[in-house]
Amino acid sequence: MEKQRFGDRRPPENAAMPLAGTKVLEFSGLGPTPFGAMLLADLGASVLRIERAGAVNPLGGDPRFDFIYRGRPSMAVDLKSPEGLERVRDLAGAADVLIEGYRPGTMERLGLGPDTLCADNERLIYARMSGWGQDGPLSGKAGHDINYLALSGALFPLGPSDAPPVPPLNYVGNFGGGGTFLAMGVLAAMQERQRSGTGQVLDVAMIDGISVLMTQLSGWMQMGQWSAGRGGNLLDGSAYFYRCYATRDGRHIAVGALEKPFHDAFVSALGLDPEDWNDHLEPSHWAIRGDRIAAIVARETLEHWLTVFDGVDACVSPVLSVDEAARDTGGTKRGSWVRDARSFQPFPAPRFSRSPVRQPSPTLDNAELERVLHAWRAEAAD
């Protein structure tokens, strides 16, 4: 048998994707809920997205490029009508997983809460995504990524010491602490269901996930290895060997020369003597050394520095735009992005040796919706 290579995008004949046969009913939303559902769809789950009839994306934009909804069709349902509710209950009865991200209590008011649907389908994994969790004093309060970061403590260390904290886009809250933990929780519950034979309800809160992402940082603080304020720390851009520098042409290089061999290779490539740059982990050196390196880097273009560091193991990389990364101009040759004539988007991850994932599909049409519904009905009848 031919050995399947990691990253091979031509799966063997009849190879099934990792989550093939898993049926997921997703109640459409924003941020972490569709991201978690996307991760499951990327791995082969059959995800059916329920849209509220007449719902409009408040952020607008061309839906053909809303890739967070990729890989699964949507069906508009009037959740306030008896017919719509009955249809959703039928679908939930055939589903392995249900994902919803409404405010706590909303699904119960619709008659679609876990007590009802899990009684209909005892194997159903009912995953509830929220910012503050399903209970507690903040559970019914509105919030966004920046609010969950603020109250979890994750926002405070981000940004320069002489300015307000800077939100890290919505990577950390919505997608890191939210959608990724949602998908992980669903997979864990599916594994547990193989033992118990029954599903369960998941309370996935962004403030919980964000807090878990802070595990190492909180330990460093208590060990005295990270200051309580912003700035002056190893990984926050204060260290001259772990930060970005501007080049003459307005581009940037990113330097991550943490360990001494990488550090010495970095300063050597700049024409400096590593013997004069000892004690690189001592914060008192960082500011003045950083200014000196900034002046050196600013004399030349990005292309010059890429040539200088070519073949030098100093953890130096160009800071690419999203479009450049999608064109793989950094030379990773991983194919982490895929392009077609219309657009580009990230390729699903991770990669498997026997069950490789496939290139994400474009926006799905009604024919795909009917195919998915037919498959669900057929499997439910078996």
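1. A salt bridge is taken here as a side-chain nitrogen of Lys or Arg lying within 4 Å of a carboxyl oxygen of Asp or Glu. With that in hand, and bearing in mind that the model is a predicted one, the side chains of Glu324 and Arg251 can be said to meet in a salt bridge, at 2.8 Å from N to O. Glu324 belongs to helix α12 (residues 322–326), while Arg251 sits in the loop between β7 (242–246) and β8 (252–256), so the pair ties together parts that are 73 residues apart in sequence. As for its surroundings, Arg251 has a relative accessible area of 26% and is therefore partly exposed.

2. The Glu324–Arg251 pair is one of several, since a search of the whole structure finds 13 salt bridges. Another is formed by Glu26 and Arg72, whose closest N and O atoms are 2.7 Å apart. This pair also links distant parts of the chain, with Glu26 in strand β1 (residues 23–27) and Arg72 in the loop between β2 (46–52) and β3 (74–77), 46 residues apart. Are these two residues buried or exposed? Glu26 has a relative accessible area of 0% and is buried, and Arg72, at 2%, is buried as well.

3. A salt bridge within a single helix is found between Asp264 and Lys260, both of which lie in helix α9 (residues 260–269), four residues apart, or about one turn of the helix. The closest N and O atoms of Asp264 and Lys260 are 2.6 Å apart. Because buried means under 20% relative accessible area, Asp264 counts as buried at 17%, whereas Lys260, with a relative accessible area of 43%, is partly exposed.

4. Salt bridges also join residues into a network, and the members of this network are Lys23, Asp96 and Arg193.

5. Turning to helix packing, the axes of helix α1 (residues 32–42) and helix α6 (residues 171–196) come within 8 Å and cross at roughly 45°, which makes α1 oblique to α6. The crossing in which α1 passes α6 is right-handed. On the α1 side the contact is made by Pro32, Thr33, Phe35, Gly36, Leu39 and Leu40, and on the α6 side the contributing residues include Asn174, Phe175, Gly178, Gly179 and Leu187. Sorted by class, the contact of α1 with α6 has nine nonpolar and six polar residues, and no charged ones.

6. A second helix pair to examine is α5 (residues 145–152) with α7 (residues 206–213), which pack at an angle of about 55° with their axes 9 Å apart. The two helices, α5 and α7, are therefore oblique to each other, and their crossing is right-handed. Tyr148, Leu149, Leu151 and Ser152 of α5 make the contact with Met206, Ile207, Ile210 and Ser211 of α7. By class, this contact of α5 with α7 has six nonpolar and two polar residues, and no charged residues.

7. Finally, a single loop residue deserves a look: Ser343 lies in the loop between β10 (337–339) and β11 (344–346). With a relative accessible area of 7%, Ser343 is buried. Which residues is Ser343 in contact with, leaving aside its neighbours within four places in sequence? With those neighbours set aside, Ser343 is in contact with Phe65, Phe67 and Val338.

Definitions and conventions. Residues numbered from 1 in each chain as written. Predicted model: local features only at pLDDT ≥ 70, side-chain atom pairs only at ≥ 80, totals over all residues. Heavy atoms only, no water. Buried < 20%, exposed > 50% of the residue type's maximum accessible area, 1.4 Å probe, protein only. Axes fitted to C-alpha atoms, helices over the stretch in contact; angles between N-to-C directions. Parallel < 35°, antiparallel > 145°, perpendicular 65-115°, else oblique. Left-handed = near helix turned anticlockwise from the far one by under 90°. Contact = heavy atoms within 4.5 Å. Nonpolar A, V, L, I, M, F, W, Y, C, P; charged D, E, K, R; others polar.
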